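Trainee: I would like a close look at a single part of this structure, with enough of the surroundings to place it. Please start from the outside and work inward.

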Amino acid sequence: MNDKVVFHFDIDGDNFTSAGEASVKIKKLLREMGFSPDTIRRVSVAMYEGEINMVIHANGGAADVEVYSDRIEIILADKGPGIANIELAMQEGYSTAPDNIRSLGFGAGMGLPNMKRYTDEMRIESAVGEGTTIYMTVRT
C-alpha cells in the first residue's frame, strides 16, 4: 500500500447502544486489508476506549483513521468540556464519570490508560471548554 486510506466515523454522543460501532467497523476493514490480528486488536481496543470516552464525557465527536502500510493513525476529536489535568486523567482508576454512567459498567478510569497501553504513540491536546483531540499511532 503506497498511499494512505482514510476512514471517518461520527461518534453519536449519549448513545451507548452505538458506542463501539466505529471500532467494530475498523476491525472488519483492517481484517479485509490483511493486517495482523495483533494490530487489529490494538487498534480496536484504542478506538473503543476513545469512543466510550466521547460518549461519556463529550457528547460524541469524530474518529478519523489513516491506514498506511507501516502504521495506523487514529485521531479522535470532540468539542466536549476538555480535560483539566491530563496527567491526573492518565492515572489508572481516575474517572470523572457520573454515578449513573458507572452504574452501567462504564467510567472505571481505564479508558485513557488503555488507549496508551495499546498504541505505540499517543498525544493528547485538550483545552477546558473547547474539547479534546487525541492522536494515536499503532505500528504494523
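Mentor: The protein chain exposes about 7500 Å², and 48% of that area comes from carbon and sulfur atoms. This is a predicted model. Its charged side chains number 14 positive and 21 negative, and the centres of these two sets are 5 Å apart.

As for overall dimensions, the C-alpha atoms fill a box of roughly 45 × 30 × 25 Å along the principal axes. The radius of gyration is 14 Å, which agrees with the value near 14 Å that a compact globule of 140 residues would have. Of the 140 residues, 44% count as buried. Among contacts with a separation of 6 or more, 64% join residues that are 24 or more positions apart.

The chain contains five helices and five strands. Read from the N terminus, their order is β-α-α-β-β-α-α-α-β-β.

The part to look at closely is helix α2, which covers residues 37-57. Helix α2 has 21 residues and spans 30 Å from its first C-alpha to its last, close to the 30 Å expected at 1.5 Å a residue. How much of α2 is buried? The count is 15 of its 21 residues, so the helix is largely enclosed by the rest of the structure. The cut-off behind that count is a relative accessible area under 20%.

One residue of α2 to examine is Y48. Y48 has a relative accessible area of 34%, so it is classed as partly exposed, given that this class lies between the 20% limit for buried and the 50% limit for exposed. Leaving out residues up to four places away in sequence, Y48 touches A19, G20, S23 and F106.

What follows the helix? After α2 comes N59, with a positive phi near 55°. N59 is not a glycine, yet it has this positive phi. The residue sits in the loop that links α2 to β2, the latter being residues 60-67. At 54% relative accessibility, N59 counts as exposed.

A second helix gives a reference point for distances from α2. E87 lies in helix α3, residues 86-89, and counts as exposed at 65% relative accessibility. Between the C-alpha atoms of Y48 and E87 there are 21 Å, with 39 residues of separation in sequence. From V45 to E87 the C-alpha separation is likewise given as 21 Å, here for two residues 42 apart along the chain.

For a strand residue to set beside these, take T133 in β5, which runs over residues 131-139. Is T133 buried or exposed? With 18% relative accessibility, T133 counts as buried, because the cut-off for that class is under 20%. Neighbours within four places in sequence aside, T133 is in contact with I75, L76, A77, R123, I124 and E125.

To return to the part you asked about: α2 is largely enclosed, with 15 of 21 residues buried. Within the helix, Y48 is partly exposed, and N59 in the loop that follows is exposed.

Definitions and conventions: Residues numbered from 1 in each chain as written. Predicted model: local features only at pLDDT ≥ 70, side-chain atom pairs only at ≥ 80, totals over all residues. Heavy atoms only, no water. Helix = DSSP H or I, 4+ residues; strand = E, 2+ residues; numbered from the N terminus. Rg over C-alpha atoms; globule rule 2.2 N^0.38 Å. Buried < 20%, exposed > 50% of the residue type's maximum accessible area, 1.4 Å probe, protein only. Contact = heavy atoms within 4.5 Å. Areas by Shrake-Rupley, 256 points an atom, 1.4 Å probe, with all protein chains shown as cover. Lys, Arg positive; Asp, Glu negative; His and termini not counted. Charge placed at Lys NZ, Arg CZ, Asp CG, Glu CD. Expected span 1.5 Å × (residues − 1).
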